Amino acid sequence: MRTTKLEKKPVEVVNNSDLMLISKQSYAAIDKWIAKYHPENRQAAVIPALHIVQEENGGHLTIALMDELALYLNMPTIAVYEVASFYSMFEHKPIGKHKVSICTNISCMLRGSEEIVEHLKKKFAINLGETTTDGKFTVKEVECLGACVGAPMCLIGREYHEYLTPEKIDAILEKLE
Amino acid sequence: MANEVCFSTLHLDKSWALSTYQAAGGYAVWKRILKNKTSPDDIISELKTSALRGRGGAGFPTGLKWSFMPRNTPGQKYIVCNSDEGEPGTCKDRDILRYNPHALIEGMAIAGYTIGASIGYNYMRGEFYEPYDRFETALEEAYKAGILGKNIFKSGVDFDLHSHIGAGAYICGEETALLESLEGKKGLPRFKPPFPASYGLFGRPTTINNTETLASVPYILANGGKWFLELGRPNNGGSKLFSVSGHVNKPGNYEVPLGTPFAELLEMAGGVWKGKELKAVIPGGSSTPVLPAKIAMEMDMDYDSIAKAGSMLGAGSVIIMDETTCMVKTLGRLAYFYYDESCGQCTPCREGTGWLSRVVNRIEIGKGQQQDLDLLLDVAGKIGGRTICGLGDAAAMPVMSFLNHYRDEFQFHVDHKRCMV
């Protein structure tokens, strides 16, 4: 039973802005998350913070960024790496400008996600998990994203796109810069 | 009769706005409770009368769950909403967050008041950007209107509610994994007991409910537990959102009374597409046993009827498969899902889900051997009941039910190295 709480060290906030890889704006956004929890529980903000840091860094995380965040959240670096590698939305190598996360789980499969995947593989001449040579698109297979009645579907950036057909996804991708 | 609870405002313009929700009677219950200082026991008793059962999949009676919270423990307690919707086939909570976020906020505030929690967190999956934005906007509206915060309507009651986001992990829908994740860790389910009511978020007493469960609460308290119960059936109170997906003409979320015949629900969803015959139904999400058409067509959509038919209502995620569906391939996709999502904490699940996935896959591609069929059942049988959380059982159940009902198709794949459909 986990009934005893480990004593935590006082928070040492990084204040030498020249050495910081994470911007002030991002720290301000992270602070908003930290404020939601008891000061003792800064670590609770790590997932939202990793999202913020990843977005600022163009879609992927680096060891240096995670180390800096660990210091800020008063966490051992390994604890940040553990979280960052456990959750599928965090990337650890550079990805394309637009991440196309396509669901291939049961409801999407029943309604033709394979056709969409094949179409994209052919269109971009890449395999799942790869990035186009121009660095514009990464196509990633993901598990159920919770939009099964709109199958087949995908997530691009922050947006869900449902009832996909090869023509429809072409039109969506065309509009992306 | 449809759309009487969580979807009752769905037809209204900007159903997610505070003004719309209030015009439809929203927050009246919350105000009444604060004004009358309604006793938590009365609220729990009303919920018990309503026979509201957990809408996230387990179907545990909500009133009973709330009554487990310790009354005399001093210090912080929490109410947590599980909006980490990710069971394949399930997409109803997304629509509650998008179209009726205030019902959830009111439900969480009432829950907090009842169990003595002055802080609540709504944990939404990381990919839910749009639902998150809607919920955040609703929170802002509620704070601005003085519905949340400190000393609400001068009642002396405090309730603060925050959003939290995940980052892609099915396992975080398991309530104790969700708590770990909310604490900023990997989503590894905790060993139980202790249950969250005694040792929950940050080690404090916590109640965790599903989005739909919490969003139903204001309607139950507004109209009475008896009203809700009578929408459905004894022990199966209320309406339920069913996400009907797969091979139907009109896939969608349908809110219908529990006890509605499956055939009627299928008709609402436009029937099986392309004029095809119904082959099989997964009635409650990917973890629930598959049922052949013949059994499904005679079944009613409530917890007890579906259990009697040999499956589970789960989260109400109805996946429809037509006659052209290869059951080996379908099971292969599900088996891969559990392999991919196993947190790796318990050996039977970590190793077993990999075995299930690889063996079903080799049968599908024509490399299966006769003994593989029994091997699958053997492995599945050795996962179920031997893990910390339910993911192991969830991975084993589809395998057992697919082989139980469609063994001939698996046999055909082994014998002929191809599919029979």
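What percentage of the contacts in chain A with a separation of 6 or more comes from residues 24 or more positions apart? The figure is 60%. The model shown in these views is predicted.

**Figure 1. Overall make-up of chain A.** Chain A contains seven helices and four strands. Their order along the sequence is α-α-α-α-β-α-α-β-β-β-α. The chain has 177 residues, of which 53% count as buried. Its exposed area is about 9000 Å², and 54% of that area comes from carbon and sulfur atoms.

**Figure 2. The two domains of chain A.** Domain 1 of chain A covers residues 21–86, and domain 2 covers residues 98–175. Taken over C-alpha atoms, the centres of these two domains are 29 Å apart.

**Figure 3. Helix 3 of chain A and its packing.** This helix spans residues 63–72. Its buried residues are Leu65(A), Met66(A), Glu68(A), Leu69(A), Ala70(A) and Tyr72(A). The buried residues of helix 3 of chain A pack against three other helices of the chain: helix 1 (24–34), helix 2 (46–56) and helix 4 (77–86). After helix 3 of chain A comes Asn74(A), which has a positive phi, near 55°.

**Figure 4. A salt bridge between Glu91(A) and Lys140(A).** Side chains of opposite charge can pair when their charged atoms come close. In the pair of Glu91(A) and Lys140(A), the closest N and O atoms are 2.7 Å apart. Glu91(A) belongs to the loop between helix 4 and strand 1 (98–103) of chain A, while Lys140(A) belongs to strand 2 (residues 137–142) of chain A, so the salt bridge ties together parts that are 49 residues apart in sequence. Both Glu91(A) and Lys140(A) are buried. Over all chains, the count of salt bridges comes to 33.

**Figure 5. Lys185(B) and its two salt-bridge partners, Glu180(B) and Glu183(B)**. With Glu180(B), Lys185(B) forms a salt bridge at 4.0 Å, N to O. With Glu183(B), Lys185(B) forms a salt bridge at 2.7 Å, N to O. Is Lys185(B) buried or partly exposed? Lys185(B) has a relative accessible area of 30% and is therefore partly exposed. Glu180(B) has a relative accessible area of 6%, so Glu180(B) is buried. Glu183(B) is also buried, because its relative accessible area is 9%, and buried means under 20%.

**Figure 6. A salt-bridge network in chain B.** Arg55(B), Lys92(B), Asp93(B), Glu212(B) and Lys240(B) are joined into one network by salt bridges that share partners.

**Figure 7. A nonpolar surface patch in chain B.** Which residues make the nonpolar surface patch of about 260 Å²? The patch is made by Phe60(B), Leu64(B) and Phe68(B). Phe60(B) is placed in the loop between helix 3 (40–50) and helix 4 (62–67) of chain B. Phe60(B) counts as partly exposed because its relative accessibility is 36%, a value in the range between buried, under 20%, and exposed, over 50%.

Key. Residues are numbered from 1 along each chain as its sequence is written. Chains are lettered from A and ligands numbered from 1 in the order in which they are written. This is a predicted model: local features need pLDDT of at least 70, side-chain atom pairs count only at pLDDT 80 or more; totals for chains, interfaces and linings use all residues. Side-chain values use heavy atoms; hydrogens and water are left out. Helices (H or I, at least four residues) and strands (E, at least two) are DSSP runs, numbered from the N terminus. Buried means under 20% relative accessible area, exposed over 50%, partly exposed in between (1.4 Å probe, protein chains only). Contact means heavy atoms within 4.5 Å. Accessible areas come from the Shrake-Rupley method with a 1.4 Å probe; for residues, only the protein chains shown count as cover. Patches are made of residues with over 30% relative accessible area and no salt bridge: like charges are joined within 9 Å, nonpolar side chains (Val, Leu, Ile, Met, Phe, Trp, Tyr) within 5 Å. A salt bridge is a side-chain nitrogen of Lys or Arg within 4 Å of a carboxyl oxygen of Asp or Glu. Domain bounds come from an automatic or database domain assignment.
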